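Trainee: Could you take one part of this model and go through it closely with me? I would like a connected account rather than a list.

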Amino acid sequence: MSIHWSAKHHKPKLPDGVCIYAVSDIHGCAEQLAKVFAAIDHHLSRVRPKHPIQVFLGDYIDRGPASRQVIDMLIDRGQRHETIFLKGNHEAMLLDLLGDPEGFPTFKQYGGLPTLLSYGVIPSVNPDPDEQQSLIKALAQKIPDPHRRFFDDLQSKYLCGDFLFVHAGVNPGIPLSKQKEEDLLWIRDEFLSSDKNFGKFIVHGHTPVPKPDLRPNRINIDTGAYATGLLTLLTIQADDMFTI
């Protein structure tokens, strides 16, 4: 990846010794996540960075077949490495749904049924409102306590050096310190079409692209793993970024 940096958009840099590995939009793709972990581990053993941090940008669940397994893998990863787990709009929807089953049709529309199945909750083809209530009640009981703590503890953003890591993006018209979580998790067009200097270089996912999309003010690393089989790993050291 190469880009022309200018006075308007200077080349972003991490603090000395820090190496960040960033992954977004896993969406229940456990096999692809295992390959990413292997790539990170290989880099760690070969390069041995002084301060490695693994940053996950949200949307761990839904759409793909193995949401529960992905959460198990991430929790295990977090016990053995320095990790940052951000919230995606799909985790926000799940938490909302557990509090209010009325959101079930939206949950289903956004690929939530594979998540139910991964936790051992089996819906009918077209669950009526009564069954929807029962399904969400069953899901709440099936989600293990460590998984619930994982979902409850997700952060909405992570700042390191000149980089800001979020799930979806930022609202171009609002200072970074005053961003609403809803925008950080859901924003698309207004952010994606902006060439503004946001004050930090934004690393995000949320909107699938055929390959990592590097711009002067941001990089999108959501390569639609559940549909393409491609889960992108972004590695950042000093002012160098590369993806695999």
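**A close look at helix H2 and its surroundings**

Mentor: In this predicted model, the buried residues of H2 are Ser 67, Val 70, Ile 71, Met 73, Leu 74, Ile 75 and Arg 77. These buried residues pack against three helices and two strands, namely helix H1 (30–47), helix H5 (113–118), helix H7 (145–152), strand S2 (51–56) and strand S3 (83–85). As for the length of H2, its 14 residues (residues 67–80) should span 20 Å at 1.5 Å a residue, and the end C-alpha atoms are indeed 20 Å apart, so the expected and modelled spans agree.

H1, one of the partners of H2, is also a useful marker for two backbone features. His 27, in the loop between strand S1 (18–23) and H1, has a positive phi of about 50 degrees although it is not a glycine, and Arg 48, in the loop between H1 and S2, likewise has a positive phi of about 50 degrees without being a glycine. His 27 is buried, because its relative accessible area of 4% falls under 20%, whereas Arg 48 counts as exposed, because its relative accessibility of 65% is over 50%.

Elsewhere, helix H3 (residues 89–99) packs with helix H6 (residues 129–142) at an angle of about 110 degrees, their axes being 9 Å apart; the two helices are therefore roughly perpendicular to each other, and H3 passes H6 in a left-handed crossing. Leu 94, Leu 97 and Leu 98 of H3 make this contact with Ile 136, Leu 139 and Ala 140 of H6, and by class the contact comprises six nonpolar residues, with no polar and no charged ones.

Terms used:
Residues numbered from 1 in each chain as written. Predicted model: local features only at pLDDT ≥ 70, side-chain atom pairs only at ≥ 80, totals over all residues. Heavy atoms only, no water. Helix = DSSP H or I, 4+ residues; strand = E, 2+ residues; numbered from the N terminus. Expected span 1.5 Å × (residues − 1). Buried < 20%, exposed > 50% of the residue type's maximum accessible area, 1.4 Å probe, protein only. Contact = heavy atoms within 4.5 Å. Axes fitted to C-alpha atoms, helices over the stretch in contact; angles between N-to-C directions. Parallel < 35°, antiparallel > 145°, perpendicular 65-115°, else oblique. Left-handed = near helix turned anticlockwise from the far one by under 90°. Nonpolar A, V, L, I, M, F, W, Y, C, P; charged D, E, K, R; others polar.
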